[in-house]
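Let's take a friendly walk through this structure, one residue and one contact at a time. Have the sequence and the 3D view ready.

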Amino acid sequence: MQYSVSKHKFKNPLEERVKRLRKKMPCKEYALYLVSLTAQGTEQLRGKLERKKYTKEEISETINRLTELGYLNDVLLAQTYFENLLRFKNFGYYGIKKKLMLKKFDDKDISRLLKTLSVKRETEVAERVLKQSSRKNREQLARSFQSRGFRLESFQKLLPPVDY
């Protein structure tokens, strides 16, 4: 005995309405909607608007207007993101640099922020990683620190001594 399955899926009317509204939404409204959801960098927002097939003129006008109004501030966003990576995540100098570059922040802002990261502060983050780590082997710990982007001078003293 075979059971037939209906080809029709149950549709959520609210989802359908949201999809229709998003398609018709002007560039400025859609950008404001995105910024209201999460903090956006200008390049991130530009990429999302380009994927929606808005014209370059519309995108540049929208980004300029949102910057004037204070909704887009790459320097402040990069600073906040940098501080949050240090405080809540376990990344070293190069790991943080990679994360900032993936967010498409300006290279000048990234280098300015990374200059403020001292080896002492990075060592504190490395100590936090060491407390959380279950690895006991010196080589495994070193690989773990390097894969998270720590500089050698920040974690070298934390490693257990070499056994001969």
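Let's begin with Arg151, which counts as buried because its relative accessibility is 14%, and the cut-off for buried is under 20%. Please keep in mind that this is a predicted model. You will find Arg151 in the loop between helix 9 and helix 10. Which residues does Arg151 contact, leaving aside its neighbours within four places in sequence? They are Tyr93, Tyr94, Leu117, Ser118, Val119 and Glu122.

Glu122 deserves a second look. Side chains of opposite charge can pair when their charged atoms come close. Here the side chains of Arg151 and Glu122 form a salt bridge, with an N to O distance of 2.6 Å. Arg151 sits in the loop between helix 9 (138-147) and helix 10, while Glu122 belongs to helix 8 (residues 119-132), so this pair ties together parts that are 29 residues apart in sequence. Is Glu122 buried or exposed? With a relative accessibility of 1%, Glu122 counts as buried.

Now step along to Ser154, a residue of helix 10 (residues 152-155). Ser154 is buried as well, at a relative accessible area of 2%. If residues up to four places away in sequence are not counted, Ser154 touches Val119, Glu122, Thr123 and Ala126. Val119 and Glu122 may sound familiar: they also appear in the list of contacts of Arg151. You can also look from Ser154 towards Arg121: these two residues are 33 apart along the chain, and their C-alpha atoms are separated by 8.6 Å.

Back to charged pairs for a moment. How many salt bridges does the count come to? The answer is four, and the pair of Arg151 and Glu122 is a salt bridge you have already met. Another joins Arg46 to Glu43, where the closest N and O atoms are 3.7 Å apart. Both Arg46 and Glu43 lie in helix 3 (residues 42-51), with a spacing of three residues, about one turn of the helix. Arg46 is partly exposed, at 24% relative accessibility, and Glu43 is partly exposed too, with a relative accessible area of 35%.

Helix 4 (residues 56-69) holds a further pair, Glu68 and Arg65, again three residues apart and about one turn of the helix. The closest N and O atoms of this salt bridge are 3.3 Å apart. Glu68 counts as exposed because its relative accessibility is 61%, above the 50% cut-off. Its partner Arg65, at 42%, counts as partly exposed.

Finally, let's turn to how two helices meet. Two packed helices are described by the angle between their axes and the distance between the axes. For helix 5 (residues 74-88) and helix 7 (residues 107-115), the axes come within 10 Å and cross at roughly 40°. That angle makes helix 5 oblique to helix 7, and their crossing is right-handed. Which residues make the contact? Helix 5 contributes Val75, Ala78, Gln79 and Phe82, and helix 7 contributes Asp109, Arg112, Leu113 and Leu114. Sorted by class, the contact between helix 5 and helix 7 has five nonpolar, one polar and two charged residues.

Note on methods:
Residues numbered from 1 in each chain as written. Predicted model: local features only at pLDDT ≥ 70, side-chain atom pairs only at ≥ 80, totals over all residues. Heavy atoms only, no water. Axes fitted to C-alpha atoms, helices over the stretch in contact; angles between N-to-C directions. Helix = DSSP H or I, 4+ residues; strand = E, 2+ residues; numbered from the N terminus. Parallel < 35°, antiparallel > 145°, perpendicular 65-115°, else oblique. Left-handed = near helix turned anticlockwise from the far one by under 90°. Contact = heavy atoms within 4.5 Å. Nonpolar A, V, L, I, M, F, W, Y, C, P; charged D, E, K, R; others polar. Buried < 20%, exposed > 50% of the residue type's maximum accessible area, 1.4 Å probe, protein only.
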